[in-house]
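Biologist: I'm new to reading protein models, and I'd love a close look at one single part. Could you pick a strand, walk me around it, and then show me how the surroundings fit in?

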Amino acid sequence: MAVSTTVAGLLALLQAASAPPATPAAPPPDPAALPSPLPVDSSTVPGTPASTAVKLREVDTRMTVPVLINGKGPFRFIVDSGATRTVISSALATQLGLPSAGTVPLHSVGGESEVPAVHIDSLYVGALPAKEIVAPVLDEANLGGLGILGIDTLQNKKVVIDLVHRAMSVEPADKYTSPAADGEIVVTARSRFGQLVLADADAAGQKIYAIVDTGSMVTLGNLTLRDKLVRRKRAAPQTLSITDVTGLKIIASYAPISDLRLGDFHMQNVVIAFDDAHAFDRFGLSKKPAMLLGMDIMQGFDRVSIDFARRKVRLLKRGGSESSGYSVIVNPLKQ
């Protein structure tokens with residue numbers, strides 16, 4: 001059985017790339033003009049039993065959850081399994097009066113840079129204990145939200161994204177590895193700088209290393225992968241521009257891939273962007289065919305579970321109990 005969906009994130013980038021030049025940026029937002037926090041009730045306040053499964057909201061194709069910062073909020077933060085650090089927007093940091101923590105190095109898709117940081121005494125998400133962190137500060141316009149939850153917050157935890165009911169949970173990692181449920185694929189990963197790298201994957205028959213990146217709207221392959229596919233005439237790339245969370249722009253190319261395999265799950269006609277982004281060098285994958293799996297790919301599943309402690313990624317196929325060999329067609333040409 002095959003189903004059809006769209007690559008909304010990549011289409012948005014392609015439309016932006018072909019749009020007229022943008023007008024000059026507006027002045028930094030007044031903290032008083034920030035969006036109001038989520039209503040405070042038992043379904044949204046982190047730390048209460050009812051909030052173990054917190055409702056998600058979509059930012060493009062990325063997901064956000066409510067968090068409490070020093071007891072205030074909740075505020076919506078993007079869940080980013082590909083980010084090394086939790087980040088807060090400059091406007092929200094100013095509104096909350098968070099003290100400066102100097103500057104810290106930050107790795108993003110576009111490169112490494114020194115950015116200002118603030119000290120957060122307690123950050124709550126879900127029913128998990130509060131965490132004290134030093135958080136880099138970036139412009140909200142580049143973040144796409146009020147903040148990002150990175151693996152410094154998610155490490156040793158399990159993140160479950162329910163794409164059917166638009167909800168997620170951040171909870172303690174599994175104590176034991178349970179067998180795969182009907183229609184579920186379990187892929188064992190390796191850990192590189194906290195991120196989980198899937199080794200049982202290939203693109204158009206080319207073996208790849210894949211990282212689940214819930215903070216990216218689009219799936220990004222490195223140039224090593226692109227060159228191998230082009231050489232085998234399995235891709236014909238075109239160009240587009242991508243802006244990362246620090247505002248750095250990279251010129252990438254994109255092309256449809258006939259087949260993407262994760263474990264025994266196949267996705268057909270997947271559109272992938274290509275660039276030798278800094279992230280690949282950071283993970284030691286710049287010379288190996290590799291890919292950051294964005295939320296455009298995750299839309300092809302009913303549920304995605306990322307267990308950082310057990311190094312397992314579980315992917316529940318659309319419809320749950322379909323037989324092996326099930327595939328999803330990701331067709332950017334159809335709305």
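Modeller: Happy to! Let's take strand 22, where both faces are covered: Lys-312, Arg-314 and Leu-316 on one side are buried, and so are Val-313, Leu-315 and Lys-317 on the other. In a regular strand, side chains alternate between the two faces of the sheet. Strand 22 spans residues 312-317, and 6 of its 6 residues are buried. Keep in mind as we go that this is a predicted model.

Now look at the strands beside it. Strand 21 pairs with strand 22 in the antiparallel sense, over 6 bridges. These two strands form a hairpin with 4 residues between them. In that turn, find Arg-311, which has a positive phi of about 55°. Strand 13, residues 184-192, also pairs with strand 22 in the antiparallel sense, this time over 5 bridges. A nice residue to put your finger on is Val-313: Ile-306 has Val-313 as its bridge partner in strand 22, and Val-187 has Val-313 as its bridge partner there too.

Let's follow strand 21 for a moment. Phe-301 belongs to strand 21, residues 301-307, and it makes an aromatic pair with Phe-265 of strand 19, 36 residues apart, so to speak a link between distant parts of the chain. The two rings are tilted, with 4.5 Å from centre to centre and 40° between the planes. Both Phe-265 and Phe-301 are buried. The count of aromatic pairs comes to 1.

Strand 19 leads us on to the nonpolar core. The largest such core has 63 residues, and those with the most contacts inside it are Ile-69, Phe-77, Ile-88, Leu-260 and Leu-293. Strand 19, residues 265-274, supplies the largest share of this core, 5 residues. Apart from it lies another core, of 16 residues, including Ala-277, Phe-280, Phe-283 and Leu-285. To get a feeling for the 63-residue core, try Ile-69: beyond its neighbours within four places in sequence, the contacts of Ile-69 include Phe-75, Phe-77, Ile-88, Leu-92 and Ile-120.

Another residue worth a visit is Ala-117, in strand 8, residues 112-125. Ala-117 has a relative accessible area of 3%, which means that it counts as buried, the cut-off being under 20%. Which residues is Ala-117 in contact with, leaving aside neighbours within four places in sequence? Among them are Pro-99, Gly-102, Val-104, Val-134 and Val-137. Val-104 is 13 residues away from Ala-117 along the chain, and their C-alpha atoms are separated by 6.4 Å.

For a look at charges and rings, go to Tyr-209. The charged end of Lys-207 sits over the ring of Tyr-209, 5.6 Å from its centre. Lys-288 also lies over the face of Tyr-209, at 5.6 Å from the ring centre.

Finally, a word on confidence. The chain averages a pLDDT of 74, and 73% of the residues score at least 70. Confidence is highest in helix 2, residues 90-96, at a mean of 96, and lowest in strand 1, residues 2-5, at 26. Over residues 1-59 the pLDDT is below 50, although this stretch has 110 contacts in the model beyond near neighbours in sequence. Residues 321-335 are also below 50, with 51 such contacts. Where pLDDT is low, the predicted coordinates should not be read in detail.

Key: Residues are numbered from 1 along each chain as its sequence is written. This is a predicted model: local features need pLDDT of at least 70, side-chain atom pairs count only at pLDDT 80 or more; totals for chains, interfaces and linings use all residues. Side-chain values use heavy atoms; hydrogens and water are left out. A nonpolar core is a set of buried Ala, Val, Leu, Ile, Met, Phe, Trp, Tyr and Cys residues joined through side-chain atoms within 4.5 Å. Buried means under 20% relative accessible area, exposed over 50%, partly exposed in between (1.4 Å probe, protein chains only). Contact means heavy atoms within 4.5 Å. Rings of Phe, Tyr and Trp (its six-membered ring) pair if their centres lie within 6.5 Å; planes under 30 degrees apart count as stacked, over 60 as edge-to-face and the rest as tilted. A charge sits over a ring if NZ of Lys or CZ of Arg is within 6 Å of the ring centre and within 35 degrees of the ring normal. pLDDT is the predictor's confidence in each residue, from 0 to 100. Two strands pair if DSSP finds at least two bridges between them.
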